[in-house]
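Biologist: I have a new model open on my screen and would like to learn how to read it. Could you walk me through a few features?

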Amino acid sequence: MRWAEAVKDIKQQQSTLCGDILLITAFVSYLGYFTKKYRQDLLDGIWKPYLQQLKVPIPVTPSLDPLTMLTDDADVAAWQNEGLPADRMSTENATILTNCERWPLMVDPQLQGIKWIKTKYGEDLQVIRIGQKGYLDTIERALAAGELVLIENLEESVDPVLGALLGRETIKKGRYIKIGDKECDFNPAFRLILHTKLANPHFQPELQAQCTLINFTVTRDGLEDQLLAAVVNMERPDLEELKSDLTKQQNGFKITLKTLEDNLLSRLSSASGNFLGDTALVENLEITKQTAAEIEEKVQESKVTETKINEAREHYRPAAARASLLYFTMNDLQAIHPMYQFSLKAFSIVFQKAIERAPPDESLAVRVLNLIDSITFSVFQYTTRGLFECDKLTYTAQVTFQILLMSKEINTVELDFLLRYPAHTRVTSPVEFLSNHSWGGIKALSSMEEFRNLDRDIEGSAKRWKKFVESECPEKEKFPQEWKNKSALQRLCIMRAIRPDRMTYAVRDFIEEKLGSKYVVGRSLDFATTFEESGPSTPIFFILSPGVDPLKDVEKQGKKLGYTFNNRNFHNVSLGQGQEVVAEQALDLAVKEGHWVILQNIHLVAKWLNSLEKKLEQHSEGSHQDFRVFISAEPAPSFDSHILPQGILENSIKITNEAPTGMHANLHKALDNFNQDTLEMCTRENEFKSILFALCYFHAVVAERRKFGPQGWNRSYPFNTGDLTISVNVLYNYLEASSKVPYDDLCYLFGEIMYGGHITDDWDRRLCKTYLEEFIKPEMMEGELLLAPGFPLPGNMDYNGYHQYIDDTLPPESPYLYGLHPNAEIGFLTQTSEKLFHIVLEMQPRDTSMGEGGVVTREETVKALLEEMLEKLMDEFNIAELMAKVEERTPYVVVAFQECERMNILTSEIKRSLKELDLGLKGELTMTSDVENLQNALFMDMVPESWIKRAYPSTASLGTWFADLLTRIKELEAWTGDFSLPSAVWLAGFFNPQSFLTAIMQSAARKNEWPLDKMILQCDVTKKNREDFASPPREGAYVHGLFMEGARWDTQTGIITDARLKELTPAMPVIFIRAIPADKQDIRSMYPCPVYKTQQRGPTYVWTFNLKTRENPSKWVLAGVALLLQI
């Protein structure tokens, strides 16, 4: 019976054999580089239907599984015993690797594949890296001996010397291969495996043709299956054992049956005549039949058992799914900062410890919940201790959103709104307590079903909403009307529109509500706890921040455990030129003896880092169990300058130590650099102490002012404690040497040299100088000097007295302490929350593209946007035609031409790139990385890189930027219509506003025959708006569209005055600008106010306008008052 069925099967297979072989060869050749989903789509969705619909269809087994033809369960079980992960994808990868003809190239960022290869081939494997000493000799020897070579950690470009080997370009009838100029023996048994750790490598096309690329990158599903096996293994070892026994048993059955059948067939073929008389043969036939029946029975039994096992395992799937999600969220952090690299190996250890730590419970459901909670919190703690403060909330928010998305607790449309904030543009707010931008968000929300009538409710109950919006902490208050009953995410969406500055607090509350308060309490783990998790193969890596020395913790812990410098078992190497040898010797000794090694500042020895990575890898196995390595390095300022190897970062426990924030902590910290002896060392004690305290306050202010962004400092400067201590030394020397206190000399030395040495921007230099002039002046000795409102300079005290004075007298943290307006904090908080949502949006998984639940996919969104933009873009300016219209080329006409030319360059690039993307989306053009970046930018509502290069500075999102671009084109069209100067010129509409302001001076110079270099611009702020002007002035121009930041313009009195709360950038009235001879200008009670193109300030500087003020101009300098062309 069985044989009859087998014959039938074989006949059936005969017809489909060719098709099956074709599919399987395609599977091995092409599918290795794709992820699970694409593999299935290609095999079942494209290739099989294609073979069916050919003119002469090629028959294929409908349920063909390539694995069954290429391998069997026994092989798979053996691979898994050697450490191959237990998911389908890994099995496919191993099958391709063992069956491919070309050299396999493994893309293996989590190092699971290479671990398996090293275990599988053990001693027979020659492991080398390109560039290591003597690696070509190793290859030559292996080529001749027919050995197996693994080249690990390939970069994107491969040494050309290996070109012939990779392409198997043999010579002399296949007996030799050229490596460089040398002909090497080629043994056909030679095999080569290539391996890279890069997550998304771009290899040369010829390398892709020469090798079979195999993607060992772990996917979310694949990792979930692996972690499920790990959980069940720890929770129910009996099930896992039973499962592996079953596999072994079934493999045993198959082998037994095969042996019996082979034996039988050989006897049958050799039997002659009437073989029924051959008793042994008949008995053998009977045994085979019986065994086959028994095996069939047992196979059925084992299938039932397997189903039961799988059911039992499924109970633990939620824990594995959560862990997989956490790993991928953690892995995505490297997009924020290159220091954030985590290995799967390290994650697995955290995962196992979390399972051990989870409280047991009789009920399985409760135990699984305990597992989930323990895993989530352990991974959270492990990750956050290596993140900078500013990224901790981003990570926790991303984890929360991903968990809620996975459990389908939140709506993707609402989350999309929260992250993207697609506010309607060009709307005017009907209520005075909401800005137009906020109202645009409310309008966008009101078009969604859940938020219908929100706009009408706010207008109708304006009083209640005003009270809510203007409250100190609206995130803690109840929403008006029935809106208080909305879900937490819906309330976040509304809050995002009405109070963007409170969003970081609101998100923190949201996390607390959804995950629990332990996820938002900023407690840092003590070093001793972290130390317990380290080991010989797990170094501790300190990510350095200015002004913090984390190594004190290591020394303290060492002292406790008997590792000190005096005991000769504690080696501290500060790296720099020539110290690499010292470090290597210390490591080699410590590995044998079980010592501790500190390697400080490894970022200073870029060339040695790869050797260090290799060394640490070697020492991770077989070293003394007490051996520990502590590493410290500064983070790179940008992605491009990041040099620390992935291997070192991934395998270590990363810890960030940041300086405390806030004026209170910084002032104490500045004072901590001195002691009672310092205070007593100068003979002129009173003056010395007062100026020293003022310097400490100055130091704290300049360091902490950074947090206010460009309104604080135009550029960020690395002020450090060295600046403060050297300034105090200078102060001591000057006071000792002169009878009078040289206030001006001291201010110059501190402001221009000690601190000013760091400063590169003239406006920042002015700010630094102004602070010193305010803090260090003769009045300080008369006891009347206020360092900040409510904080007078203290009198003569002892060292501890000063610390006590700070605790007792310093007002709570506020922008007033820096001379800034409270609005500066609102601006800074708003930008922080904008950045938070922007990063979380960028971290959303790409593959889902929010396509579920009726939301349009990524491609559709981009396509709609692209079509709308191409439709709205006007034709380019015809410069030749415009030139023909002009009789006289006045300075203003030249500016107009320059602007038209720049606009043409920009619009033609926009059209070109959009058309290219359109063809790419249709599949008519290959998607290059530039086109892909353009698509991502459109989807993220960001201005694409190639447009920014040709455009003007702007901080706007794409929607606002594009609307602004169309307005600029309209303005230019209106001006070039007849080339007469507009009644009021929109200064922000120019690519180069300086050229227009210079044109005003040139016109006046030509008209009055004044020398151009002896002229300046005078600005008179009018009391009118642009609508009130019908024609331009006789001389000069009226300009509109400027905003003031840091203060406001009082139209009635015509002076600068304090800003109103929550009015961050009030608009200026029209300004009349005309040129006058420099000697005629009035500079009394004037504040020289810088004009910038955007809120980024710094490099976007345009001009300086002198504005009238009754108060001391220094007040506006400290408040960071500036005029902006766009907000």
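Modeller: Gladly! Let's begin with a word we will need: a residue is called buried when its relative accessible area is under 20%. Keep in mind too that this is a predicted model.

Biologist: Which residues are buried in α41?

Modeller: In α41, the buried residues are L958, W961, F962, A963, D964, L965, L966, R968, I969, L972, W975 and T976. Just after α41 comes F979, which has a positive phi, near 60°.

Biologist: What span should helix α41 have, at 1.5 Å a residue?

Modeller: Helix α41 covers residues 958-978, and its 21 residues should span 30 Å. The C-alpha atoms at its ends lie 31 Å apart, which agrees. You can repeat this exercise on helix α5, residues 88-99: its twelve residues reach 17 Å from first C-alpha to last, close to the expected 16 Å.

Biologist: And how many residues of α5 are buried?

Modeller: Nine of the twelve are, so α5 is largely enclosed by the rest of the structure. They are M89, S90, T91, E92, N93, A94, T95, I96 and L97.

Biologist: Let's try a single residue. Is T138 buried or exposed?

Modeller: The cut-off for buried is under 20%. T138 has a relative accessible area of 13%, so it counts as buried. You will find T138 in helix α7, residues 135-145. Leaving aside neighbours within four places in sequence, T138 is in contact with Q126 and I128.

Biologist: Now a strand, please. Which residues of β1 lie on each side?

Modeller: On one side are W103, L105 and V107, on the other P104 and M106, and all of them are buried, so both faces of β1 are covered. With five of its five residues buried, β1 (residues 103-107) is largely enclosed by the rest of the structure.

Biologist: Which strand does β1 join through five bridges?

Modeller: That is β8, residues 211-215, and the two run parallel. One bridge to look for pairs V107 with N215 in β8. β1 also pairs with β7 (residues 191-196), again in the parallel sense, over three bridges. There, the partner of M106 is H195.

Biologist: How should I describe two packed helices?

Modeller: Two packed helices are described by the angle between their axes and by the distance between those axes. Take α25 (residues 580-593) and α26 (residues 609-619): they pack at about 5°, with axes 11 Å apart. That angle makes α25 roughly parallel to α26. E584, L587, D588 and V591 in α25 meet S611, L612, K615 and H619 in α26. By class, this contact has three nonpolar, two polar and three charged residues.

Biologist: One last feature, the sheets. What is the strand order in the open sheet of five strands?

Modeller: The order is β10-β11-β12-β9-β13, with parallel pairing. At the edges stand β10 (570-574) and β13 (653-656); each has a single partner strand, so one side of each is left without a neighbour in the sheet. Ignoring direction, neighbouring strands of this sheet are turned by 15° against each other on average.

Biologist: How many bridges pair β11 with β12?

Modeller: Four bridges pair β11 (residues 596-600) with β12 (residues 628-633), in the parallel sense. One to find on screen links V597 to V629 in β12. Our earlier helix returns here: α25 packs on the sheet, touching β10, β11 and β12, and its direction makes about 160° with that of β10.

Note on methods
Residues are numbered from 1 along each chain as its sequence is written. This is a predicted model: local features need pLDDT of at least 70, side-chain atom pairs count only at pLDDT 80 or more; totals for chains, interfaces and linings use all residues. Side-chain values use heavy atoms; hydrogens and water are left out. The expected span of a helix is 1.5 Å times one less than its number of residues. Buried means under 20% relative accessible area, exposed over 50%, partly exposed in between (1.4 Å probe, protein chains only). Contact means heavy atoms within 4.5 Å. Two strands pair if DSSP finds at least two bridges between them. Axes are lines fitted to C-alpha atoms, for helices over the stretch in contact, and angles run from 0 to 180 degrees between N-to-C directions. Angles under 35 degrees count as roughly parallel, over 145 as roughly antiparallel, 65 to 115 as roughly perpendicular and the rest as oblique. Ala, Val, Leu, Ile, Met, Phe, Trp, Tyr, Cys and Pro count as nonpolar, Asp, Glu, Lys and Arg as charged, and the others, Gly among them, as polar.
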